[in-house]
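Trainee: I am new to this structure and would like a close look at a single part of it, namely the open and enclosed spaces and the helices that pack around them or elsewhere. Could you take me through that part slowly?

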Amino acid sequence: MKQYLSMLEHILTTGEERGNRTAIPTLGVFGYQARFNLQEGFPLLTTKKIHLKSIIYELLWFLRGDTQVQYLQDNGVRIWNEWATAEQTAKFGRKEGDLGPVYGHQWRNFGATIQADGGYASDGVDQLSEIIETIKKNPNSRRIILTGWNPKEANQVALPPCHTLFQFYVSGKKDDRSKKEDTLQKCGVDEKGVSEKEINEKGDNNARFLSCQLYQRSADVFLGVPFNIASYALLTMMIAQATGLEAKEFVHTFGDLHLYTNHIEQAKLQLTREPKPLPKMHLNPAVKDIFSFRYEDFRLEGYEPHPHIKAEVAI
């Protein structure tokens, strides 16, 4: 994960100290991009231990369209608790535990009608389902986009969506000659005199790949970004499997990328650690529907990270 360590180093050396909505200043930079090749392994940080269970359950929570923290808490995940207190939710006229129109709502019911009791009708846009269908039916589309940022509702939640927009890109042509030659070489045959039927029998000449790019408006590099990288890499893998593709690359583009000043020493400690080999993530191949995944359908292999580094979240 040298890309991540380079990100930390860049902020420490060039970041500008800035105030923000919390009481803790940050060192910040604007506009940064990192790319992660999902063919090389699962991009879960190895220079400190990351709680994968929280990442998986949070992602499943998003996919459910859920905005109540009860599901997370029932599964031992506490990462949203600070924003779900009675004090926080009361500011927006909601009951304790009800986060309002956050990620799951925007992904699965964008623009839904607000009802008299403060809830939402089921008449919004299911952006995630539309993405799946577009990838299957029109993979060359330049409109395979999901937005989590709804200007009308951004001020109705304690924490408006930080990862605000993501786009998918399908690549790999069926008749790509270099791919065909690669396949033939792996099969130990010459191209001359080999039929298309024989090529397809000897190797996969029709592989197509799925990549994802995320734009994140605000990013806590020490606590949040490691979760975001792993979460969107996993989402890309899940959508690829649900659409008969292979996950290729996750591109992470940032707006305000920052390090809280009370995390500086922890970041310096992390920079002294040598990255270890990336683990492999295995998805249950029987699951073909993006909404049918369960926690038990994910298996991480070969994860041997350095110890966890404790840091306090800024609210």
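Mentor: Before the helices are compared, it helps to know that an axis here is a line fitted to C-alpha atoms, for helices over the stretch in contact, and that angles run from 0 to 180 degrees between N-to-C directions. The model is a predicted one, and every value below is computed from it.

With that in hand, consider helix 2, residues 52-64, which packs with helix 9, residues 224-242, at an angle of about 55°, their axes lying 10 Å apart. Because angles between the roughly parallel and roughly perpendicular ranges, which end at 35 and begin at 65 degrees, count as oblique, helix 2 is oblique to helix 9. The crossing in which helix 2 passes helix 9 is right-handed. On the side of helix 2, the contact is made by Ser-54, Ile-55, Ile-56, Leu-59, Leu-60 and Leu-63, while helix 9 brings Phe-227, Ala-230, Ser-231, Leu-234, Leu-235 and Met-238. Sorted by class, the residues of this contact comprise 10 nonpolar and 2 polar ones, with no charged residue among them.

These two helices appear again at the largest pocket, since helix 2, strand 5 (209-220), helix 9 and strand 6 (246-260) are the elements that give two or more residues to its lining. The largest pocket has a volume of about 1,400 Å³, and of the 49 residues that line it, Trp-83, Asp-220, Leu-223, Gly-224 and Val-313 lie nearest its centre. Strand 5 gives the most to this lining, with 5 residues. The lining as a whole is mixed in class, with 21 nonpolar, 15 polar and 13 charged residues.

The second largest pocket holds about 370 Å³ of space. It is lined by 18 residues, and those closest to its centre are Thr-67, Asp-98, Gly-118, Gly-119 and Tyr-120. Here helix 5, residues 103-109, gives the most to the lining, with 3 residues. By class, the lining of the second largest pocket divides into 2 nonpolar, 10 polar and 6 charged residues.

Turning from open spaces to enclosed ones, the count comes to 1 cavity of 30 Å³ or more, and the largest cavity has a volume of about 50 Å³. Among the residues that line this cavity are Trp-83 and Asp-98; Trp-83 has already been named as one of those nearest the centre of the largest pocket, and Asp-98 as one of those closest to the centre of the second largest pocket. The lining of the cavity also includes Trp-80, Gln-88, Thr-89, Phe-92 and Arg-94, and by class it has 7 nonpolar, 2 polar and 2 charged residues.

One further helix pair remains to be described. Helix 1, residues 2-14, and helix 10, residues 264-271, pack at an angle of about 135° with their axes 10 Å apart, which makes helix 1 oblique to helix 10. Helix 1 passes helix 10 in a left-handed crossing. The residues in contact are Tyr-4, Leu-5, Leu-8, Glu-9 and Leu-12 from helix 1, together with Ile-264, Ala-267, Lys-268, Gln-270 and Leu-271 from helix 10. This contact has 7 nonpolar, 1 polar and 2 charged residues, whereas the contact of helix 2 with helix 9 has no charged residue.

Definitions and conventions: Residues numbered from 1 in each chain as written. Predicted model: local features only at pLDDT ≥ 70, side-chain atom pairs only at ≥ 80, totals over all residues. Heavy atoms only, no water. Helix = DSSP H or I, 4+ residues; strand = E, 2+ residues; numbered from the N terminus. Parallel < 35°, antiparallel > 145°, perpendicular 65-115°, else oblique. Left-handed = near helix turned anticlockwise from the far one by under 90°. Contact = heavy atoms within 4.5 Å. Nonpolar A, V, L, I, M, F, W, Y, C, P; charged D, E, K, R; others polar. 1 Å grid on protein atoms, 1.4 Å probe; cavity = no way out; pocket = protein on both sides within 12 Å on 5 of 7 lines; lining within 4 Å. Points joined across faces, edges and corners; volume = space filled by probe spheres on them.
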